[in-house]
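User: Take a close look at one part of this model for me, please. I'd like the pairing and the burial tied together in one go.

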Amino acid sequence: MFTNHLKKSCGKLFIVSALALPLVACNTLPNQQNTVAEKNQPLTLKSIYQDKAFKSDRIGQIRWLEKGDGYLAVEASKNGEGEDIVQYNASTLAPQVLVTAKQLTPAGASEALTIDDYAFSNDGNKLLIYTNSKKVWRSNSRGDYWLYDLKSNKLVQLGGKDVPASQLMFAKFSPDASKVAYVLHNNIYVQDLSSMQVTQLTDSAGNGIINGVFDWVYEEEFIIRDGFRWSPNGKKIAYWQLDTSGSKDFIMINNTDSLYPTLTKFPYPKVGETNALANVGIVDIADKQTTWAKLPNNSRNMYIPRMNWSGNSEEVLVQHVTRKQDINRLYLTNAETGNSKLVITEQEEHFLDFFDDARWINNGKNFIWTSERSGWRHLYNISRDGKTVINLTKGDFDITDIKAVDEENGWLYFIASPDNVAQRYLYRSKLDGSLSNQRVTPKEYAGFNRYQMSSDGSWAIHSHSSFATPTSKYLVNVSAKPNSRHQKKHTLMTNEKLNAKLAKMDVAPTEFFQVTAQDGVVLDGYITRPANFDASKKYPILFYVYGEAWGQTVQDKWRGNAFIWDQMLTQQGFIVASIDNRGTRAPKGRDWRKSIYGGVGILSSRDQSDALKAMAKRWSYIDTDRVGIWGHSGGGSMTLNMLFRYPEQYHVGISSAPVADQLLYDTIYQERYSGLLEDHAEGYKQGSPITHAHNLKGELLLVHGTGDDNVHYQGAERLINELIKHNKQFEFMSYPNRSHSLREGEGTTLHYKTMKTNFFKEHLLAK
């Protein structure tokens, strides 16, 4: 649902009072021997957001080869315009151009195809190029597909002569590369690559029926777009079918792009309303007949968030979830009959807040599964019948992500940080459970570490950053041998220019700290004080907040321009801080995340209030008469709750794209965390900021895009009416036809950031 942001530092220890609670860490950039003139150059919004003076380096999209001994990259062609696909040897970094821009230039065309995405067949002899892509909600998932045959040197467009431009979706090779399947106009088609004949496999699309793709709410909240899967033998395709006809349409108006307004309509089930009906079909390529999964009690009050082939071509594993999202039943469905047998059941008292595919190993005899059944998020090796369950990552900590399964050497690689929830490191465990939680990331990489690993876990692109240190990338060999783990073979990116600019700045130090809520729960936070900080003075404090279930702000990683903007604010006299309240996506266990159930915004806003009180008691230089807060999406909602529920503590707030009334948001997200409306109507009321709008005393700037398909502009208008009713004065900015991210349109980002900065300066510095 919502956007999220981050936290921490690197360098020398920042000394704090011995009276302070235990600190997670506190770091600053090392002092640099620069002149006063260099360090006193003030930051400007123009330099940050228009001139992009602090832009990070980037390397092109990398894709590992199946064997793990090299990777592919898309690079500008050295022979002219266009892009080449280049293979790099992992050990030597020796490049080899596999496909040139010239080879990807259609006959009669003057320019090569733009590579939006690409995929090689399993045998490496064929290449799919995805180009001319168009946006569908959050991603560019509709476009054109071209087939390039490396042996015959032929380039041909898929889909047939009569297919309009940019209409194919999710094209992919069959396992033997003899066919390509794709979605066109909500039906599934297959194209034979020898004859180029196109065969339609489903014909039910229309009147709300969609095949192989998802409606808005599935795509957004289950993070799933591609709705079909080839069987391993290439003879069948398993696919989702959704009947959205029961869901009411949401309508958005576009007043800016044409002489007369245009409308966009799409099914969007709001809290308590009717969901789409999901089914799983298995279509036979030969006879085009679909066998439907026979799932007990399937209805519009059930979800199918994941399904995949179960290590063979005979059965599909289907995850069947209740509308409350507290029970997930895993069924093995026979591809010939549709009969389904229960394997395991995941059940929580409140909700299951993630859904992952099972990862099949041991020729389909076992699968790797993520579960919170122990109270912590762990990885399990489960037998095909569900009777044998081995916890592979035991301990009082959460894993956050699976990175690779190395069956040959018996290792499972994953991301975790048992000792510091603000950081992330690579770990591994034995697949048989004989050894758990062996750290792979070396100690010198303190902070936040990401890994793009080869499928066998032998090699990885390692990305490292910390709160005040931009990202560096390395090519590392992740060997199974204990004394040669994580060998850095090549440096790919260091952000040298950006680091040099930061070295010339008098960077404001950031401290990570903990405070205790009124009921004893420990909350994590960070605080950034001005570089010329004087503890005898009083400073206004500005909180960045998210506070919802899909984000964690207190993280020890580079935040890009958000970090630079905070530095600019400290130059102007602000203290900047952030707190993670209960319910945020911090890896602190099931109880932490699920304590907010049935009343999103109530306990979490109390935590924020408690944190401010504790901070003000600890640090007397915080001016409690000048407290500001801002956030986007979930953070916008929390900003409203703090201004409305705690008006004596929070004096100035900027709420961007908030959910003002939880009844207006979608079923999957809101009902997961707030419960079903019939069970928790009072929680919905009390958790919604609009209920408490009459309490506003401070200064509010409300911001929303009129083209927001996620958190609808409708909510802003309802909140405006409520504030007007109570004669509450406030400022409001609508961005015409901007989506939830508020990024579209020339000058939007600079305008938005300038408005925010000026608002806080006017109401917090001018006092």
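Analyst: Two strands count as paired if DSSP finds at least two bridges between them; the strands (E, at least two residues) and helices (H or I, at least four) are DSSP runs, numbered from the N terminus. Before you lean on anything here, this is a predicted model, with local features needing pLDDT of at least 70 and side-chain atom pairs counting only at pLDDT 80 or more, while totals for chains, interfaces and linings use all residues. Residues are numbered from 1 along each chain as its sequence is written, and side-chain values use heavy atoms, with hydrogens and water left out.

A quick warm-up on pairing: four strands make an open sheet, ordered 2-3-4-5, with antiparallel pairing. Strand 2 (62-64) and strand 5 (95-99) sit at the edges with a single partner strand each, so one side of each has no neighbour in the sheet. From one strand to the next the twist averages 30° (axes are lines fitted to C-alpha atoms, and angles run from 0 to 180 degrees between N-to-C directions). Strand 2 is joined to strand 3 (residues 70-76) by three bridges, and isoleucine 62 faces alanine 73 there.

Now the part I'd zoom in on: strand 27, residues 366-371. UniProt, in an unreviewed entry, lists residues 121-470 as "domain: Dipeptidylpeptidase IV N-terminal"; its positions follow the numbering used here, feature names are shortened, and annotations may be inferred rather than shown by experiment. That span is 48% strand and 2% helix, and its end C-alpha atoms are 36 Å apart.

Six of the six residues in strand 27 are buried, so the rest of the structure largely encloses it. Buried here means under 20% relative accessible area, against over 50% for exposed and partly exposed in between (1.4 Å probe, protein chains only). In a regular strand, side chains alternate between the two faces of the sheet. Both faces of strand 27 are covered: Asn366, Ile368 and Thr370 lie on one side, with Phe367, Trp369 and Ser371 on the other.

Going backwards in sequence, strand 26 (residues 359-361) pairs antiparallel with strand 27 over three bridges, and isoleucine 361 has asparagine 366 as its bridge partner. These two strands form a hairpin with four residues in between, where asparagine 362 in the turn takes a positive phi of about 55°.

Going forwards, six bridges link strand 27 to strand 28 (residues 378-383), again antiparallel. Threonine 370, one of the buried residues, stands opposite leucine 379. This hairpin has six residues between its strands, and glycine 375 in the turn has a positive phi of about 100°.
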